[in-house]
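Me: Could you take a close look at one part of the model below for me? I care about side-chain geometry, and I would like the cut-offs spelled out as you go.

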Amino acid sequence: MLRAAGSIAFVPLSAAAQLLGPAVAAFDWSTKVYCTSNFLHAIQQPATPSAGALDGTGHYQRYVGAVLVFASGELLLLSEREAEALQELVWATWGSGVQSSSEPPLLLPLCYARQAMAGTGDPLLLCTQLRPLSTAGSARAAAANAPNSPQQLAAVLQRRLGAKELISARLFNGAASYDSQQQRQVLQELASGRCEEAQELLMLRDQLHMFARSDLERACDVVVQVAR
């Protein structure tokens with residue numbers, strides 16, 4: 001389980017969802033997905049009313065810009081700004097004597113994590129190992145042993161990141177379409193029988209227009225059909 005880092009606490013997604021209303025809390029979120037307390041504070045801020053949400057509930061959460069994937073399989077959701085700050089911190093610790101894990105976490109945009117897990121064979125882009133190093137010598141030694149190519153990093157990501165964790169992150173982000181039968185099966189386990197909640201979640205994300213005939217709609221309908 002992830003622990004707090006300084007003044008930033010890591011909040012399980014299932015607990016964060018409880019604060020965002022019954023529609024978001026209704027889903028069986030992965031217990032291995034977290035967001036930061038800073039991220040949670042941001043998504044709790046009232047949204048500015050817009051044409052699509054006259055009561056101000058639209059865009060209820062800041063988009064997940066990036067994910068931090070740990071060797072344990074745990075996943076930390078980050079805003080784009082948080083990801084940039086984290087990269088700056090890693091660069092700032094270069095040569096400072098800070099030691100890193102032998103299996104450092106991977107930082108990458110959520111969209112590229114999705115692409116890598118879809119198994120298309122496309123190169124994994126913008127994936128960074130968060131490996132602060134103490135000396136130039138240790139940097140050379142780590143570089144010689146660490147996976148560095150896009151193919152190697154993709155293999156590490158695919159070994160670490162579970163389907164439920166990826167689907168939880170994407171559904172939380174308002175996605176309605178998914179890339180493989182395995183992912184759609186996991187989506188069904190999260191969303192089956194929750195058609196109203198799914199539509200409300202997408203409405204809050206200003207993505208309701210993507211629901212009709214989507215993978216998410218079909219996942220919601222499966223148990224309803226069986227129940228009949």
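Reply: Happy to. Let me start with arginine 170, whose charged end sits over the ring of tyrosine 178, 4.7 Å from the ring centre (the test is NZ of Lys or CZ of Arg within 6 Å of the ring centre and within 35 degrees of the ring normal). Please bear in mind that this is a predicted model, in which local features need pLDDT of at least 70 and side-chain atom pairs count only at pLDDT 80 or more, while totals for chains, interfaces and linings use all residues. Numbering runs from 1 along each chain as its sequence is written, and side-chain values use heavy atoms, with hydrogens and water left out.

A second placement of this kind involves arginine 205, which lies over the face of tyrosine 63 at 3.9 Å from the ring centre.

Now for rings that meet rings. Searching the whole structure gives two aromatic pairs (ring centres of Phe, Tyr or Trp, the last by its six-membered ring, within 6.5 Å; planes under 30 degrees apart are stacked, over 60 edge-to-face, the rest tilted). One of them joins phenylalanine 27 to tryptophan 29 in a tilted arrangement, with 5.5 Å from centre to centre and 55° between the planes. The other brings tryptophan 29 and phenylalanine 172 together: their centres are 5.9 Å apart and their planes stand at 90°, so this pair is edge-to-face. Because tryptophan 29 belongs to the loop between α2 (22–25) and β2 (33–36) and phenylalanine 172 to helix α8 (residues 163–172), that contact ties together parts 143 residues apart in sequence (helices are DSSP runs of H or I, at least four residues, and strands runs of E, at least two, numbered from the N terminus). Together, the ring pairs link Phe27, Trp29 and Phe172 into a cluster. Phenylalanine 27 and tryptophan 29 are both buried, and phenylalanine 172 is buried too (buried is under 20% relative accessible area, exposed over 50%, partly exposed in between, with a 1.4 Å probe and protein chains only).

That loop and helix α8 also meet through charge. The structure holds four salt bridges (a side-chain nitrogen of Lys or Arg within 4 Å of a carboxyl oxygen of Asp or Glu). In one of them, lysine 164 pairs with aspartate 28, with 3.1 Å between the closest N and O atoms. Lysine 164 is in helix α8 and aspartate 28 in the loop between α2 and β2, so the bridge ties together parts 136 residues apart in sequence. Lysine 164 is partly exposed, at 27% relative accessible area, and aspartate 28 is partly exposed at 38%.

Past α8, the loop leading to α9 (181–191) holds aspartate 179, which is linked to arginine 114 in helix α5 across 65 residues. The closest N and O atoms of this salt bridge are 2.7 Å apart. Arginine 114 is partly exposed at 30% relative accessibility, and aspartate 179 is partly exposed with 29%.

In helix α9 itself, arginine 184 bridges to aspartate 215 of helix α11 (residues 215–227), so parts 31 residues apart in sequence are tied together. The closest N and O atoms here are 4.0 Å apart. Aspartate 215 is buried, with a relative accessible area of 10%, whereas arginine 184 counts as partly exposed at 29%. Arg218 joins Arg184 and Asp215 in a network of salt bridges.

For the wider setting, the protein chain has 11 helices and six strands, and 44% of its 228 residues count as buried.
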